Amino acid sequence: MTENAKSIYGLVGYPVSHSLSPLMHNTAFKELGIDADYRLFPLKEEELDGFFKDLCEKNSLIAGLNVTIPHKENVIKYLDGLSPYAQKTMAVNTIKISNQRKLTGFNTDGPGFLTHLTELGVNIEKKHIALLGCGGAARAIISVLCLLPERPASIRIYDVVKEKTDTLLSDLAARLDIGIVKAVGSIDDLGIDKADLLINATPIGMKPEDPCLVDEKLLHKKMLVYDLIYNPEETKLLKLARQKGAKASNGLGMLFFQGVLSFLHWTGLELEKKTKDKMLANLKKGLHQ
Ligand code: NAP
């Protein structure tokens, strides 16, 4: 790398044009006076080989990456090592690149979700959790919850295709104790009326015409409803949950905290409150543009 050259960070995925990550990370670089730029790398699967080959060259300016759909699992074969949590999850959303161009994969989605729950004052020890969707986000959430020393009492998970959930769980079971997790074949078997936490990890709710997946009669005021969707800020599910007196949160906090943790992995820097406040404010501004 050329002395004093600007470092490049960025997001690998396809598509990535909607991403708010540049706003968040470029705010942090500016606030800290770091000469770096966070960019978008829209890459199809067939382009990954060439990209990662160039990345390992000594003259590459790329110092760290985020990874999103559909490559969180595809990128693992290019890495020299995985953090213990990424190894359990087998999905990577953050890559740290050493001066020797060695690549280490992390997953900050699950820890970002947990950090946001803590921020919301929610303790999930011995609690009952209902989870909608069994894609990449659910994989990260199940792993992080199962790894907690103080675990929830139960996690029930429903996806339209039950076989997909079974496949995810048997994959995770090879590396994790997932005894508290049960796949159910119908949304009615999620036990939402008795759940302490309902998580929507499906994309249903992003479009204005999307329905609320859950029968509103099952929502109750003792629960937290957490929708990973943050655009729109309030999905139909969140609106109904609030109307029922439940605590409700969208997924902007999870997005924010996964970013803060990625930044820590790349730079070793714990961000100060005033920097984090600016990042979050810019994220919110970006959402409304
Ligand atoms: P994904 O890999 O596509 O997984 C979504 C899963 O939900 C798929 O298995 C999908 O099945 C299933 N699904 C779709 N409709 C359903 C329904 N009606 N009932 C039950 N399951 C249904 O997506 P993801 O990456 O996990 O992301 C899920 C959502 O979380 C997205 O909205 C994403 O934007 C959001 N997210 C937010 C954050 C954050 O930081 N806040 C982070 C990651 C993801 P099919 O594939 O068969 O449709």
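Which side chain has an N or O atom 2.7 Å from an oxygen atom of the ligand? In this predicted model, that side chain belongs to K164. The protein as a whole covers 76% of the 910 Å² of accessible area that the ligand has on its own. Backbone atoms get in on the act too: a polar backbone atom of A137 sits 2.8 Å from a ligand oxygen, and for G136 the corresponding backbone distance to an oxygen atom of the ligand is 3.1 Å.

Stepping back to the whole shell, 22 residues surround the ligand, with A137, D159, K164, L228 and G251 being the closest. Sorted by class, that shell is made up of 15 nonpolar, five polar and two charged residues. As for secondary structure, helix 5 (136–147) and helix 8 (252–267) each chip in at least two shell residues. G136 and A137, the two residues with the backbone contacts described above, fall within the 136–147 span of helix 5.

And where does the ligand sit? Its place is in the largest pocket. Shell residues come from both domain 1 (7–107 + 253–287) and domain 2 (110–250), so the ligand lies between the two domains. Note that domain 1 is given as two segments, 7–107 and 253–287, while domain 2 is given as 110–250.

The backbone has a few quirks of its own. Most peptide bonds are trans, and most residues other than glycine have a negative phi. Against that background, the bond joining Y14 and P15 is cis, with omega at about 0°. P15 belongs to the loop that runs between strand 1 (7–13) and helix 1 (21–32). Another cis peptide bond links N231 to P232, this time with an omega of about 10°; P232 is in the loop between strand 11 (224–227) and helix 7 (236–243).

The remaining oddity concerns phi. M90 is not a glycine, yet its phi is positive, at about 55°. This residue, too, is a loop residue: M90 is found between helix 3 (84–89) and strand 5 (94–97).

Definitions and conventions:
Residues numbered from 1 in each chain as written. Predicted model: local features only at pLDDT ≥ 70, side-chain atom pairs only at ≥ 80, totals over all residues. Heavy atoms only, no water. Near = heavy atom within 4 Å. Polar contact = N/O pair within 3.5 Å; in protein donor to acceptor, adjacent residues only side chain to side chain. Areas by Shrake-Rupley, 256 points an atom, 1.4 Å probe, with all protein chains shown as cover. 1 Å grid on protein atoms, 1.4 Å probe; cavity = no way out; pocket = protein on both sides within 12 Å on 5 of 7 lines; lining within 4 Å. Sits in = over half its atoms within 2 Å of the grid points. Helix = DSSP H or I, 4+ residues; strand = E, 2+ residues; numbered from the N terminus. Nonpolar A, V, L, I, M, F, W, Y, C, P; charged D, E, K, R; others polar. Domains from an automatic or database assignment.
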